[in-house]
Amino acid sequence: MHLDDLANTSGEWLKGSGPESDIVISSRIRLARNLADFPFISRSTESDRAEIEKILHGRITELQSTGRVSPDTLYIKVGDLEEVDRMFLVERQLISREHAESLGARAVVIDHTERFSVMINEEDHLRIQVMQSGLNLDTAWQQINEIDDLIEEQVTYAYSDRLGYLTACPTNVGTGVRVSVMLHLPALVITRQIEKVFKSLQKINLAVRGLYGEGSQATGDFYQISNQVTLGQTEEELTKKVGDVVPMLIDYERQAREFLIRESHETLHDRVSRAFGILRTAQTITSEETMHLLSSVRMGINLGLIGELEIPTVNKLFIHTQPAHLQKMSGMELDTSDRNIERATYLRRHLNADNTGDPNQN
Amino acid sequence: MKCQKCDRQATFHITDLVDGKPSELHLCEHCAQSFLSPSQEEAAQVLPAMAGLLAQHLAVGETADQLARLDQRACPVCGITYLEFRKHGRLGCPHDYVYFAEQLEPLLMNIHDQTHHIGKVPKRCPQGADQQTQLIRLRREMKDAVSSENYEKASELRDQIRGIEGRNLSSESMEEKDPES
Ligand SMILES: [Zn+2]
Ligand SMILES: [Zn+2]
């Protein structure tokens with residue numbers, strides 16, 4: 001398994017197979033962990049970082065050789081990658097932008113089905129992440145807990161009885177857990193109710209972010225809800241807190257969609273059809289416009305306004321039309337205007353009749 | 001319509017949320033791209049920045065003198081000063097949670113509303129706070145010795161470090177804690 005193979009597939013979590021996947025894209029949990037014997041990243045020297053990376057690489061190789069971690073798992077030294085490859089991993093949500101752009105020895109472990117990834121030497125020595133399709137936080141917690149146990153058998157984590165897992169930033173100390181659910185909420189945006197929802201979430205101490213940027217509407221109406229508190233509650237409690245609020249959000253979004261269907265069926269149908277029309281005929285198109293139009297199309301499919309297209313295909317298009325993905329798939333470095341042409345070509349190829357509905361095809 | 005950030009034609013009309021309120025932005029493609037590019041992680045950096053800010057805010061009660069002295073305090077293990085933590089919102093090593101405990105307590109209360117962990121406990125706990133931070137301190141001392149060209153001291157320290165690392169490895173392979181450490 002090689003990094004380039006990922007460009008031609010898409011992660012399990014994008015397949016749209018999990019519960020409530022018309023509205024919930026993915027459930028994600030991450031854990032922040034540090035080795036007890038080394039300073040945190042901000043105070044670690046170049047040789048400390050190299051040592052940490054070497055130790056963890058060794059332990060993971062050992063886990064692979066004993067079959068406790070799949071031999072198909074990728075181990076990638078992020079510093080050795082070309083910029084386009086690093087951006088590719090960011091677009092794929094396997095590493096953070098910070099991890100892509102920082103310096104020094106650092107790596108990422110990637111499950112070949114993209115169910116989990118482990119960033120080494122990000123803000124903390126270890127950032128373990130598990131992704132599930134749809135609303136599936138309990139499974140995500142169970143899986144990440146197992147991966148954490150496995151790594152913990154190999155190394156000694158920085159931990160104190162009173163404060164729990166010790167992290168570089170005091171905002172993560174304790175459980176080190178960040179539970180997030182990514183939702184597609186186009187109808188709440190159209191009906192201008194989304195700010196109200198944000199405010200009520202903030203009141204109960206949950207954070208809201210966009211897909212690739214905070215608060216911006218133009219990123220396909222995707223929103224991530226996550227916990228802010230990490231100390232003084234159990235991992236299960238923190239997971240439940242996020243999990244409990246999601247059904248309410250799903251309900252609001254469904255109500256808003258019903259309202260739109262009832263009160264302005266023609267306008268909505270028109271919006272969806274135009275979006276689909278542009279996407280399958282455009283000759284040059286930006287990433288932002290693509291996200292915006294795909295959002296309408298995605299909702300249109302869920303409302304039965306578009307029949308000939310499947311959700312997994314659209315989910316994949318959101319990711320595969322990003323700049324680094326287009327360049328990886330075409331095998332060429334492309335400037336902005338070439339990318340816009342390539343993106344339009346890619347969309348036409350995937351959205352026109354004879355080729356729809358197959359999520360595994362490029 | 002002209003872009004709000006430069007003189008090009010505005011082709012993007014974005015609704016952004018500022019303090020939870022929507023505000024209209026009219027941008028050219030170039031400016032829209034840089035506006036839309038901030039990542040999740042940059043957004044997530046609001047949190048660490050907040051930790052630093054809170055630390056600053058919570059220090060208000062102290063006199064300028066006290067604060068100046070506090071800022072100079074440096075962790076004996078990793079060498080980070082309280083001032084550096086306040087500036088960047090990131091700690092330098094696990095021992096900082098002990099060394100700056102008094103300052104961190106109100107900060108943790110502010111962020112988490114709690115100061116005690118009740119979640120997962122690792123099966124293998126670090127072998128006492130001293131042992132845990134000893135290696136970090138020794139490695140730093142070795143680096144200092146090398147940069148001040150005191151190679152004799154550096155090699156002594158290196159032997160000490162190797163000794164501890166070797167002990168850790170053998171106690172790990174036995175999967176038992178060494179009762180002597
Ligand atoms: Zn401009
Ligand atoms: Zn320290």
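Student: Which word fits A:E333 in this structure, buried or exposed?
Tutor: The model is a predicted one, and its values are computed from it. A residue is called exposed when its relative accessible area is over 50%. The relative accessibility of A:E333 is 78%, so this residue counts as exposed.

Student: Where in chain A is A:E333 placed?
Tutor: Two helices frame this residue, α12 (323–330) and α13 (336–351). A:E333 belongs to neither helix but to the loop between α12 and α13 of chain A.

Student: A:E333 is part of a surface patch; which charge does the patch have?
Tutor: The patch is formed by A:E82, A:E83, A:E101, A:E333, A:D335 and A:D338. Asp and Glu count as negative. The charge of this surface patch is therefore negative.

Student: How many helices and strands are there in chain A?
Tutor: Both kinds of element occur in chain A. The strands come to ten, and the helices to 13.

Student: What radius of gyration does chain A have, set against a compact globule?
Tutor: The C-alpha trace of chain A spans about 65 × 45 × 35 Å along its principal axes. For 362 residues, a compact globule would have a radius of gyration near 21 Å. Chain A agrees with this, because its own value is 21 Å.

Student: What percentage of the residues is buried in chain A, and what percentage in chain B?
Tutor: Buried means under 20% relative accessible area. Of the 181 residues in chain B, 41% are buried. For the 362 residues of chain A, the buried part is 63%.

Student: Which acidic residue forms a salt bridge with A:R92, and which parts of chain A does the pair tie together?
Tutor: The side chain of A:R92 meets that of A:E114 in a salt bridge, at 3.0 Å from N to O. A:R92 lies in the loop between α3 (83–91) and α4 (97–101), and A:E114 in the loop between β3 (107–110) and β4 (116–120), so the pair ties together parts that are 22 residues apart in sequence. Both residues are buried. The partner of A:R92 is A:E114.

Student: How far apart in the helix are A:R274 and A:D270, which also meet in a salt bridge?
Tutor: Their side chains meet at 2.8 Å, N to O. A:R274 is exposed at 55% relative accessibility, while A:D270 is partly exposed at 37%. Both belong to helix α9 (residues 265–281) of chain A, and because they are four residues apart, their separation is about one helical turn.

Student: How many salt bridges does the whole structure have over all chains?
Tutor: One of them joins A:K15 to A:E12, with the closest N and O atoms 3.6 Å apart. A:K15 is partly exposed, at 28%, and A:E12 is partly exposed, at 28%. Over all chains, the search finds a total of 26.

Student: What is notable about phi in A:R192 and A:D221?
Tutor: Most residues other than glycine have a negative phi. A:R192 has a phi of about 55°, and A:D221 has a phi near 60°. Neither residue is a glycine, yet in each of them phi is positive.

Student: Which of these words, buried or exposed, fits A:R192, and which fits A:D221?
Tutor: A:R192 sits in the loop between α6 (186–190) and α7 (194–203), and at 62% relative accessibility this residue counts as exposed. A:D221 lies in the loop between β9 (206–210) and β10 (222–227). With a relative accessible area of 8%, A:D221 is buried.

Student: What distance separates the C-alpha atoms of A:N34 and A:S133?
Tutor: A:N34 is in the loop between β1 (24–33) and α2 (46–65) of chain A, and is buried with a relative accessible area of 0%. A:S133 is 99 residues away along the chain. The C-alpha atoms of the two residues are separated by 28 Å.

Student: In chain B, how far apart in space are B:R8 and B:Y151?
Tutor: Chain B has nine helices and two strands, in the order β-β-α-α-α-α-α-α-α-α-α. B:R8 lies in the segment before β1 (12–18) and counts as partly exposed at 45% relative accessibility. B:Y151 is 143 residues apart from B:R8 in sequence, and the C-alpha to C-alpha distance between them is 61 Å.

How values were computed:
Residues are numbered from 1 along each chain as its sequence is written. Chains are lettered from A and ligands numbered from 1 in the order in which they are written. This is a predicted model: local features need pLDDT of at least 70, side-chain atom pairs count only at pLDDT 80 or more; totals for chains, interfaces and linings use all residues. Side-chain values use heavy atoms; hydrogens and water are left out. Patches are made of residues with over 30% relative accessible area and no salt bridge: like charges are joined within 9 Å, nonpolar side chains (Val, Leu, Ile, Met, Phe, Trp, Tyr) within 5 Å. Accessible areas come from the Shrake-Rupley method with a 1.4 Å probe; for residues, only the protein chains shown count as cover. A salt bridge is a side-chain nitrogen of Lys or Arg within 4 Å of a carboxyl oxygen of Asp or Glu. The place of a charge is taken as NZ of Lys, CZ of Arg, CG of Asp or CD of Glu. Buried means under 20% relative accessible area, exposed over 50%, partly exposed in between (1.4 Å probe, protein chains only). The radius of gyration is taken over C-alpha atoms; the globule rule is 2.2 Å times the number of residues to the power 0.38.
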